[in-house]
Amino acid sequence: MGNFRISTFVLGAVSTNCYLVYHNESREAVIVDPADNGAYVLNKCREMDVKPVAILLTHGHFDHIMAVKDICRAFPCPVYAGWKEEGLLQEPSMNLSGSMGTEPVFLEADVLVKDGQVLPLMGFDWKVLETPGHTAGSVCYYVEAERAVFSGDTLFADSMGRTDLPTGDRKAIIHSITKKLFLLPGDTRVYPGHGESTTIAVEKDSAFRGL
């Protein structure tokens, strides 16, 4: 087994996947979409003896960002998000925070990323894939060396993200999936924002392909 390890926590009101990705030797970690319950995530970091060095956001909806500030207070680290997501992150009426019993969240990313950008984090290269559709600034993060892609709410097992929320676009998300994610190697493991993981090959061969 290599040094690239993934722990998944299902958190928040709509069962969002928060991924704690870490290097087994250096113990550096990247948190993808810290959905909620910052105290729980921080406790897991301490239990596992890992140190977050970055937070990666696939998009700015409340159910993917609620624990960001708590984590950054305990482990000061940069927050990365797509460059087109800046406005949504900063506006509760667009990121939908304040709904479902949550507090309004105003969030600024430290680093706004663009398509093709490579982030050297915890000893691995994370490639940014702009995948608009669920939101205008949605991105996925692809770790080629590990055949892993963190797809947020763009691609799920046998499904895709909804497009009826602020800045959503059905045509755009279908294009993002079929013309970008489906170009990844078939054995790439897909880690979505909700539900079980899947692979690119499985999704290309499913009924979803007909969209």
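In which sense do S7 and S8 pair, and over how many bridges? I began my notes with this pair, and I found that S7 and S8 run antiparallel to each other, joined by 4 bridges. I keep in mind throughout that this is a predicted model.

**Entry 1: the sheet that holds S7 and S8**

I looked up the end of the pairing and found that Leu121 has Phe124 in S8 as its bridge partner. The hairpin of S7 and S8 has 2 residues between the strands, and I noted that Met122 in this hairpin takes a positive phi near 45 degrees. I then followed S8 to its next partner, S9, with which it pairs over 4 bridges, again in the antiparallel sense, and there I recorded Tyr142 in S9 as the bridge partner of Lys127. From S9 (residues 139-143) I went on to S10 (residues 148-152), and this pair is antiparallel as well, with 3 bridges; one of the pairings I wrote down sets Val143 against Ala148 in S10.

Taken as a whole, this is an open sheet of 6 strands with mixed pairing, and the order I noted is S7-S8-S9-S10-S13-S14. Strand S7 (118-121) and strand S14 (198-199) are the edge strands, and because each has a single partner strand, one side of each is left without a neighbour in the sheet. For S8 (residues 124-130) I checked burial and found that 5 of its 7 residues are buried, so the strand is largely enclosed by the rest of the structure.

**Entry 2: the other sheet**

I next looked up the sheet that starts with S1, which is also open, contains 6 strands in the order S1-S2-S3-S4-S5-S6, and has mixed pairing. Here the edges are taken by strand S1 (4-11) and strand S6 (111-113), each with a single partner strand, so one side of each has no neighbour in the sheet. I recorded an average turn of 25 degrees between neighbouring strands of this sheet, with direction ignored.

Helix H1 (residues 38-48) packs on this sheet, and I listed S1, S2, S3 (28-32) and S4 (51-56) as the strands that the helix touches, while the direction of H1 makes about 150 degrees with that of S1.

I followed the pairing of S1 with S2 (residues 16-23) more closely, and counted among my notes 8 bridges between these antiparallel strands. Phe4 stands opposite His23 in S2, and Phe9 stands opposite Cys18 in S2. The hairpin of S1 and S2 has 4 residues between the strands, with Gly12 at a positive phi near 85 degrees.

On its other pairing, S2 meets S3 in the antiparallel sense over 4 bridges, where Tyr19 has Val32 in S3 as its bridge partner. The hairpin of S2 and S3 likewise has 4 residues between the strands, and Arg27 in the turn has a positive phi of about 65 degrees.

**Entry 3: burial along S2**

Which residues of S2 point one way and which the other way? I wrote down Thr16, Cys18, Leu20 and Tyr22 for one direction and Asn17, Tyr19, Val21 and His23 for the other, and all of them are buried. This fits the count for the strand, in which 8 of 8 residues are buried.

I singled out Thr16, which lies in strand S2 and is buried at a relative accessible area of 0%. When neighbours within four places in sequence are left aside, the contacts of Thr16 include Phe9, Val10 and Leu11, together with Ala35, Asp63, His64, Gly193 and His194.

**Entry 4: two loop residues with positive phi**

I looked up Asn37, which sits in the loop between S3 and H1 and has a positive phi of about 55 degrees although it is not a glycine; at 39% relative accessibility Asn37 counts as partly exposed. At the other end of the helix I noted Asp49, in the loop between H1 and S4, whose phi is also positive, near 55 degrees, in a residue other than glycine. Asp49 is exposed, with a relative accessible area of 56%.

**Entry 5: the largest pocket**

Finally I looked up the largest pocket, for which I recorded a volume of about 170 Å³. Its lining consists of 12 residues, and Phe62, Asp63, Leu96, Arg162 and Leu165 lie nearest its centre. By class, I noted 5 nonpolar, 4 polar and 3 charged residues in the lining.

Conventions:
Residues are numbered from 1 along each chain as its sequence is written. This is a predicted model: local features need pLDDT of at least 70, side-chain atom pairs count only at pLDDT 80 or more; totals for chains, interfaces and linings use all residues. Side-chain values use heavy atoms; hydrogens and water are left out. Two strands pair if DSSP finds at least two bridges between them. Axes are lines fitted to C-alpha atoms, for helices over the stretch in contact, and angles run from 0 to 180 degrees between N-to-C directions. Contact means heavy atoms within 4.5 Å. Buried means under 20% relative accessible area, exposed over 50%, partly exposed in between (1.4 Å probe, protein chains only). On a 1 Å grid over the protein atoms alone, a cavity is a set of points where a 1.4 Å probe fits but cannot get out, and a pocket is an open set with protein on both sides within 12 Å along at least five of seven lines; lining residues have an atom within 4 Å of a point. Grid points are joined across faces, edges and corners, and a volume is the space filled by probe spheres set on the points. Ala, Val, Leu, Ile, Met, Phe, Trp, Tyr, Cys and Pro count as nonpolar, Asp, Glu, Lys and Arg as charged, and the others, Gly among them, as polar.
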